[in-house]
Structures are given as structure tokens and as C-alpha cells.
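Me: Could you take a close look at one buried or exposed site in this model and describe its surroundings with the cut-offs spelled out? Please add a short word on a sheet afterwards.

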Amino acid sequence: MRTTPLKVAIGAILACAIALVGACGQQQPAPDPVPIDGDDIGGAVTSADGPEAGVWVIVETTDLGTRFIRSVVTDDLGRYLVPDLPTANYDVWVRGYGLVDSPKVQAAPGEALNLTAVVAPNAQAAAQVYPAGYWASLIEVPAKSEFPGGGPQGNGISPNMHSQAQWLQWLKTGSCFTCHQIGNRATREIPAALGEFPGSVAAWARRIQSGQASVDMARESAMFGQSALLEMFASWTDRIADGELPPAPPRPQGLERNVVVTLWDWADEQTYLHDQISSDRRNPQVNANGLIYGSPELSTDLMPVLDPVRHTVSQVQLTPRDPETQPGATQAMLQPSPYWGEELIWDSKTNAHNPMFDGKGRVWMTATVRPPPNPDFCKAGSSHPSAQATPLETSGRQVAMYDPATGELTHVDTCFDTHHLNFAADANDTLWLNGYGSTVVGWIDTRMFDETQDEVASQGWTALILDTNGNGMRDEYVGPDYPVDPTKDKQIADAFYAVAPAVDGSVWGSILGFPGAVVRLDPGSNPPATALAERYELPWDEPNAPVNGYSPRGMDIDRNGVAWMGLGSGHMASFDRSKCNGPLNGPNALGRHCPEGWTLYPEPLPQFKNVTDSGSAEGSYYTWVDQFDTLGLGPNTPINTGNLSEGLLALDDGEWVVLRVPYPMGFYVKGMDGRIDDPSLGWKGKGVWTAIGTRAPFHMETGQGTLPKVVHFQVRPDPLAK
């Protein structure tokens with residue numbers, strides 16, 4: 001069990017009394033010097049209040065091939081040690097809750113350096129380094145009594161918004177939270193460059209019409225009822241401008257003080273990244289000490305590459321197969337951007353997304369290789385087994401594979417849409433893929449493809465069919481729009497968002513929407529003919545329901561077959577199929593038949609105003625399970641992207657460990673993976689990798705000119721471990 005802030009405070013008071021040192025507010029003598037090696041910087045942090053425990057020491061340099069930043073946390077006595085620094089000159093400073101940033105001082109590895117922290121002069125100054133989610137928690141969400149919406153002639157809320165929970169689901173898993181952070185300074189204030197307005201509602205109306213994403217933002221805001229959404233955000237920014245402050249977060253405690261965070265710049269200021277990949281999900285020792293590859297999605301066709309050993313960056317040119325392929329991002333805007341004016345900054349044709357390493361060290365990614373109309377082998381009348389079962393007319397994104405050994409890019413034209421992908425641990429190295437909004441799940445037999453280069457025979461796909469007649473076989477079924485026929489099976493119209501193969505051969509997917517669900521697909525011995533699905537819906541608002549959460553987005557599966565996911569309700573959820581009491585197939589197994597399989601863990605942020613349900617203001621984009629203990633908290637540790645918490649959220653035996661990125665503020669990611677570079681080195685030889693994934697890196701603390709970043713998390717045995 002981790003130590004709580006209350007226990008720490010009580011312990012400090014007792015220690016002070018026992019030591020008979022007088023008033024606890026008096027400055028205490030600095031602790032003994034911290035032993036350091038030639039590649040470390042270490043010392044003690046004190047302020048006018050004495051030793052500063054649980055604050056960050058940050059080092060930064062531009063002397064290497066790219067910008068390099070590393071941060072650590074001070075121990076109970078205010079001591080710190082920044083380990084294993086490459087040779088360079090560093091700016092060093094202190095940041096922490098209750099402080100303002102200390103002046104930067106110069107240091108080099110091998111130097112002992114005591115630092116003086118600066119106590120914040122007031123609460124307003126202290127709050128500037130609080131995570132975005134604390135500021136976002138000041139948003140006053142429409143009360144439950146205002147739903148269902150009354151439209152423009154009523155309360156301004158869309159009539160399609162039936163509940164407060166549905167409003168939050170769309171905010172977190174359908175619109176704003178899914179592209180960038182809310183609550184950072186760039187969003188909680190109205191930028192002067194936007195212009196002058198008669199009021200904040202007008203300013204917000206202009207803000208969502210800005211830049212290349214404006215068409216999307218305007219459309220998504222209409223889903224809420226645009227006037228109600230604008231009034232909500234305007235009230236929020238007005239109250240902050242008038243001096244309203246969020247609650248103070250606790251300083252890092254326990255394991256959180258053992259975290260080492262390293263960042264490198266990569267790509268350019270007009271590029272954003274979706275995610276990155278460092279190793280094979282099934283074997284994290286693949287690509288040990290190797291290059292990190294990023295997916296630039298709609299922004300550019302230049303895939304960024306980081307060498308974390310030499311601290312250098314490079315690029316790989318991605319191309320579609322068909323030169324007639326058009327850019328995926330809208331090549332228009334409603335109003336100029338306050339950052340980029342009328343310049344269109346995103347022009348990718350490949351729309352590369354979610355890369356994955358295979359066991360041979362090759363990088364597979366979902367990527368557009370041609371315009372949407374499908375070739376004939378995908379359509380009705382084809383002899384392809386999957387097309388005979390479920391013909392497909394179009395696909396918006398397919399597959400590409402980059403081989404670092406040869407520098408070659410190979411395209412694989414798939415009939416099915418692709419979005420996320422993951423390799424199964426089977427003899428064929430099957431690559432499972434889903435399409436965002438597609439009602440089929442696809443796969444590529446990569447072993448067959450390697451042997452034959454036959455992209456037609458190597459692929460397949462299946463609709464999702466429930467075994468509603470309960471005979472254990474896939475046979476004749478009714479379509480999604482037809483009622484259940486107990487003599488037949490039933491097709492469902494769910495679309496996988498995440499896709500996660502399990503060790504038992506099944507493939508799991510998260511289902512977006514309200515209240516959302518997970519689906520387990522058993523391919524059987526001869527898919528698609530043998531593929532059957534099971535659906536498990538979150539039992540939101542059901543009498544006597546054991547949980548009160550809703551709307552998953554990204555998810556993963558652990559090695560015990562338990563599914564883990566972040567929810568729009570501000571929880572991490574697990575679903576354990578082994579806990580189900582009733583039948584898993586048959587006419588009653590349509591989704592709400594296993595509420596007992598769900599467990600919820602509220603994420604560690606305050607809740608929005610007007611929201612009384614459990615959960616928090618957090619809106620995690622994705623969940624990844626550290627199956628092989630690459631982070632150091634143990635195998636099968638589930639980790640959420642804490643995009644409003646400014647870090648990763650690891651669930652350690654039911655207790656949260658917040659891996660905060662203190663600088664630059666604005667940490668927002670969409671995925672992660674782990675790698676073991678050298679198992680003999682303990683914590684030094686492994687870690688979790690991710691990439692800053694906001695579509696607006698210019699919203700981060702360092703403003704316009706901020707480059708996308710790779711981030712590496714490690715957990716050492718104690719705050720001074722070398």
C-alpha cells in the first residue's frame with residue numbers, strides 16, 4: 001500500500017516533535033551530499049521552508065543531436081540524482097507544487113549541485129504548474145436536470161443529448177479530448193492573437209473556427225448543441241480570468257518519486273504524431289537499443305525516427321502505391337489560425353497510423369495506399385472466401401510495412417478499413433486489424449505474405465456474428481437491423497476501435513459510443529466460416545448494476561485474458577470473462593448478460609463541476625498492458641494515457657502511480673509500448689516509450705515552435721538509484 005499525503009504530513013509533524021527542533025516551519029540543515037558518478041548530476045533541494053520533498057529537478061540541453069530533457073523527483077529529504085546523462089552542458093531547475101520555477105543554473109555531468117527552490121508567493125502563481133486536468137475540473141457541465149436537451153428554443157443542448165453522461169462521453173471519447181488537451185493555458189485562456197470580441201461566447205465561437213481542424217471542430221460542437229457548449233467553455237474561461245483556481249494536487253509519493261522521465265525532440269513544429277513504436281508487443285527484446293519510429297497520421301508523409309543512443313533524429317519518406325491518392329486532412333479552413341494564419345500545415349497522403357514491430361524488426365503500420373474504391377476481389381461475385389461472406393466496396397486506409405534493414409516500403413492493399421493493428425502470438429504471425437467505424441475485423445497472414453507476396457490470399461475479414469441459437473457453431477444469421485431469431489445466429493453492427501489478440505487465440509476489441517462495450521472474437525479453425533463473437537456491454541444505469549461507468553476508447557488484454565480500458569466516465573475498467581455467471585451464448589447473451597465481469601477504478605483527478613457520479617475529469621485515450629514488466633511495476637500492469645493528468649496512470653495492485661511529465665507542460669499521448677534493451681541492467685535496461693500525440697503541439701507550455709517529442713519512462717528502486 002502506498003503512503004498517503006495525510007500519513008506523510010502526520011509523520012513529518014511527529015518527527016519534528018520527537019526531534020525537539022522547535023517550529024516545523026523553520027529551515028532544516030541540508031542533508032548529506034548525494035554520491036554521484038561522472039555522468040550524474042545530484043544534490044539537495046531546499047527552500048525557505050527547508051528540504052523540498054516530492055518536487056522535480058529538470059535538466060535540459062540542446063548540445064546533442066536533438067533537444068534532450070530529463071526529470072527526476074526528490075526524496076523525503078529533498079535529495080535528487082539525475083542519472084546517466086550524455087556529455088553536454090545543462091540548464092537545471094526545480095519545479096513543484098507549491099513552488100514557482102527556480103532560476104535555471106548551468107551544470108555538467110559529474111557535478112554536485114544543491115538547488116534553491118522558490119516558494120510560490122500566492123496560490124495563483126503556484127497553480128500555473130498544476131496539471132491541465134485540475135484546471136479542466138473547473139468546467140461546469142450542464143446539470144443532469146437539463147437533459148434531455150431542449151434545442152435552440154430551449155436550453156441550447158441538442159435534443160440528441162439524452163443525459164449528462166452522454167454529454168461527457170462525447171466530450172471525452174468523441175470530440176475535444178480525442179485530439180488535444182483541455183485545461184492547459186492555451187485552452188483555458190483566450191489568446192490575444194485571436195482578436196477582440198464583445199464576450200467570451202463570441203471568442204469561443206471564433207476559436208473553434210480556427211485553422212485546418214476548424215471544419216471538424218464546428219461539426220463536433222454541433223453534436224452538443226453549439227450554443228450550450230460555447231456557453232460552458234465561455235463560463236469556464238471567464239471564471240478563470242476572474243481568479244478562480246483549481247484544487248491543489250498532491251506531490252508525488254512512494255513509487256512516484258522513483259520515476260525518471262526522458263524526452264527528445266523529433267519532427268518539426270508543423271507536424272504532429274499519433275504514436276510511436278519501439279519493440280514487438282509479444283517480445284519486448286526485439287529492436288533492443290534500436291531506433292524509435294513514429295506515425296505522423298494526417299500531418300505529413302515523413303515518418304520521424306529517433307536514435308535514443310546517439311540522440312539523433314532522421315526521417316523515412318512514406319508514399320502511397322497509387323499516385324492519385326489525395327491528402328487525408330481537409331485542405332480548407334473556416335478562419336485563419338492564431339498560430340499559422342491561413343497556411344495549411346497538414347498534407348499527408350498516407351495517413352500513417354499506429355505502427356507495430358514484428359519479430360523480424362520490421363515496422364507495420366496502417367496507411368493509405370490508394371483511393372477508397374476497392375478492387376474486384378473484395379466485392380460481391382469474388383471467389384475470395386471473405387468477400388463471399390461479407391463483400392466490401394471501399395476501404396479508406398490499408399497497410400504498409402517498412403523494413404529498416406533494406407530501407408524498402410511495401411504496400412499491402414486490404415479490402416477492409418484499417419486503424420489499429422496488433423500481432424497475434426501464433427504460428428502465422430497473424431496481424432489483426434480493425435477499421436475505425438468498420439463493422440468487420442480483418443487479418444493478414446504475414447507468414448504467407450512473406451513466402452508468396454500474395455496480398456489477396458494472405459488477407460481475410462469477418463463480420464461479427466453472435467451465436468444466438470447456442471449451438472456453438474457459426475451458421476445462418478440475421479442482419480444487424482433484424483430482431484433476434486432463436487433458431488439462427490445474429491450479426492451485430494459493432495465496430496472495433498482497439499484490437500487486442502489474447503494468448504488463447506481470441507481477439508478483443510473496444511466498442512465506442514454510449515454506454516459502449518467490448519467484443520471477444522473467436523476466429524475458430526477456418527475464419528470467416530468459423531468466427532463467432534461475444535458482446536459485453538457496460539451496464540450503465542441498470543438497476544443494481546455493480547459499476548457506473550461508460551464509453552471505452554482504447555483497450556488492451558493481459559496475459560490472463562482480462563480486458564483493460566479507459567472510460568469516458570473517468571475510470572479505468574477491467575472486464576474478466578471468467579467471472580460471468582450465466583451462458584456466454586444463446587438468445588439472451590446479447591451484451592448485458594455479464595455485469596459481474598466489470599470492475600471500475602476512478603482515475604486520480606477531481607471531477608467536473610455539476611457531476612456527482614464517480615470517476616473524474618480525466619479522459620484517457622488508450623490503455624496498454626505491460627505484459628512483460630518493461631516499466632518495473634510488475635507483469636500485467638495496466639497503464640492509461642493520463643492526458644489531463646500530464647502523465648501515464650499505472651494501476652499497481654489497485655493503487656494509482658502517476659508518472660508525471662513536469663516539463664514541458666502539455667503531455668498528451670495516444671499510445672505506448674515497452675522495451676527491454678538489456679535485462680541484465682535492471683531498471684536501466686528497460687522502460688516504456690511513448691510520443692507526444694497532441695494535434696496542437698503549439699498549445700504546449702513552450703508555445704509555437706514546440707517540436708513533437710518522444711518520451712521514455714523508467715522506474716528505479718529508489719529516488720537516488722544510479
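Reply: What follows covers Arg370 and then one sheet. The model is predicted, so local features need pLDDT of at least 70 and side-chain atom pairs count only at pLDDT 80 or more, whereas totals for chains, interfaces and linings use all residues. Residues are numbered from 1 along each chain as its sequence is written, and side-chain values use heavy atoms, with hydrogens and water left out.

Arg370 lies in the loop between strand 17 (363-367) and helix 9 (385-389), where helices (H or I, at least four residues) and strands (E, at least two) are DSSP runs numbered from the N terminus. Arg370 counts as buried because its relative accessibility is 9%, buried being under 20% relative accessible area, exposed over 50% and partly exposed in between, with a 1.4 Å probe and protein chains only. Its side chain reaches the backbone oxygen of Pro372 at 3.1 Å, and a polar contact of 2.9 Å joins it to the side chain of Ser395; a polar contact is a pair of N or O atoms within 3.5 Å, of which, within protein, one must be able to donate a hydrogen and the other to accept it, and residues adjacent in sequence count only if both atoms are side-chain atoms. Leaving aside residues up to four places away in sequence, Arg370 touches Asp322, Thr325, Pro375, Ser395, Gln398, Asp413 and Thr414, contact meaning heavy atoms within 4.5 Å.

As for the sheet, strand 39 (residues 686-691) and strand 40 (residues 709-715) pair in the antiparallel sense over four bridges, pairing requiring at least two DSSP bridges, and Trp689 stands opposite His712 in strand 40.
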